[in-house]
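Visitor: I would like a close look at a single part of this structure. Please pick one helix, go through its surroundings, and then move outward from there.

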Amino acid sequence: MTRAANPLRGEGEFTVQGRRLLLRPSFENLIAAEEELGSLFALVERASDGGITLAEITGLLWHCTDSNPRPDREAIGKAVLEMGLVGATKPVRAILAQVLQGQA
């Protein structure tokens, strides 16, 4: 990771294969996630009801990873499994909070 995450911008961090990655819910990243996963508002609702899937968690984290090169999706999925679904909800919650609240 080249710089620390700025939580005021909705950024977070995520470790994949021992490498700390920046999660940035930029407009472009969120549009790409929405094209794949469907409405982000619906995703927030599913997450709040405990209905978010492993594929959705992995997809959202993959799209919001601001890294060059970006790890492949399988590496992101393995990292999610290593940290467990409860652990993976922390960065997902930060991204979804940014979607709902916007930037400070």
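Guide: What follows starts at helix α3 and works outward through the elements around it.

The model is predicted. Helix α3 covers residues 54-64, and 8 of its 11 residues are buried, so the helix is mostly covered, buried being under 20% relative accessible area. The buried residues are Glu 56, Ile 57, Thr 58, Gly 59, Leu 60, Leu 61, His 63 and Cys 64. They pack against two strands, β1 (12-16) and β2 (19-23), and against three helices, α1 (27-37), α2 (40-48) and α4 (73-101).

His 63 is a convenient place to begin, since it belongs to α3. Its relative accessible area is 8%, which is why His 63 counts as buried. The side chain of His 63 makes a polar contact, at 2.6 Å, with the side chain of Glu 36. With neighbours within four places in sequence left aside, the contacts of His 63 are Asn 29, Ala 32, Ala 33, Glu 36, Arg 70 and Arg 73.

Asn 29 leads on to Ser 26. The backbone nitrogen of Asn 29 is 3.1 Å from a polar atom of the Ser 26 side chain. Ser 26 sits in the loop between β2 and α1. Its relative accessibility is 18%, so Ser 26 counts as buried. Ser 26 and Gly 102 are 76 residues apart in sequence, and their C-alpha atoms are 11 Å apart in space.

The next neighbour to consider is α4, where Val 80 is found. Val 80 has a relative accessible area of 0% and is therefore buried. Leaving aside neighbours within four places in sequence, Val 80 is in contact with Phe 14, Leu 54, Ile 57, Thr 58, Leu 61, Leu 85 and Ala 88. Among these, Ile 57, Thr 58 and Leu 61 are buried residues of α3. The C-alpha atoms of Val 80 and Asp 49 are separated by 20 Å, with their positions 31 residues apart along the chain.

Gln 98 also belongs to α4. Its relative accessible area is 12%, so Gln 98 is buried. The C-alpha atoms of Gln 98 and Gly 10 are separated by 5.2 Å, although the two residues are 88 residues apart along the chain.

Phe 14, a contact of Val 80, brings in strand β1. The covered face of β1 holds Gly 12, Phe 14 and Val 16, while Glu 13 and Thr 15 make up the uncovered one. In a regular strand, side chains alternate between the two faces of the sheet. β1 and β2 run antiparallel and are joined by 5 bridges. Within this pair, Glu 13 stands opposite Leu 22 of β2.

The hairpin of β1 and β2 has 2 residues between the strands. Gln 17 lies in that loop. Its phi is near 50°, a positive value in a residue other than glycine. Most residues other than glycine have a negative phi. Gln 17 has 70% relative accessibility, so it counts as exposed.

Ile 57 of α3 also takes part in the lining of a pocket. This is the second largest pocket, which holds about 180 Å³ of space. Its lining consists of Val 44, Ala 47, Ser 48, Ile 52, Ile 57, Thr 89, Val 92, Arg 93, Leu 96, Ala 97 and Leu 100. The elements that give two or more residues to this lining are α2 and α4. α4 gives the most, with 6 residues. By type, the lining of the second largest pocket divides into 8 nonpolar, 2 polar and 1 charged.

To return to the starting point: α3 is mostly covered, and Ile 57 is one of its buried residues. Ile 57 is in contact with Val 80 and also lines the second largest pocket. His 63, in the same helix, makes its side-chain polar contact with Glu 36.

Key. Residues numbered from 1 in each chain as written. Predicted model: local features only at pLDDT ≥ 70, side-chain atom pairs only at ≥ 80, totals over all residues. Heavy atoms only, no water. Buried < 20%, exposed > 50% of the residue type's maximum accessible area, 1.4 Å probe, protein only. Helix = DSSP H or I, 4+ residues; strand = E, 2+ residues; numbered from the N terminus. Contact = heavy atoms within 4.5 Å. Pairing = 2+ DSSP bridges. 1 Å grid on protein atoms, 1.4 Å probe; cavity = no way out; pocket = protein on both sides within 12 Å on 5 of 7 lines; lining within 4 Å. Points joined across faces, edges and corners; volume = space filled by probe spheres on them. Nonpolar A, V, L, I, M, F, W, Y, C, P; charged D, E, K, R; others polar. Polar contact = N/O pair within 3.5 Å; in protein donor to acceptor, adjacent residues only side chain to side chain.
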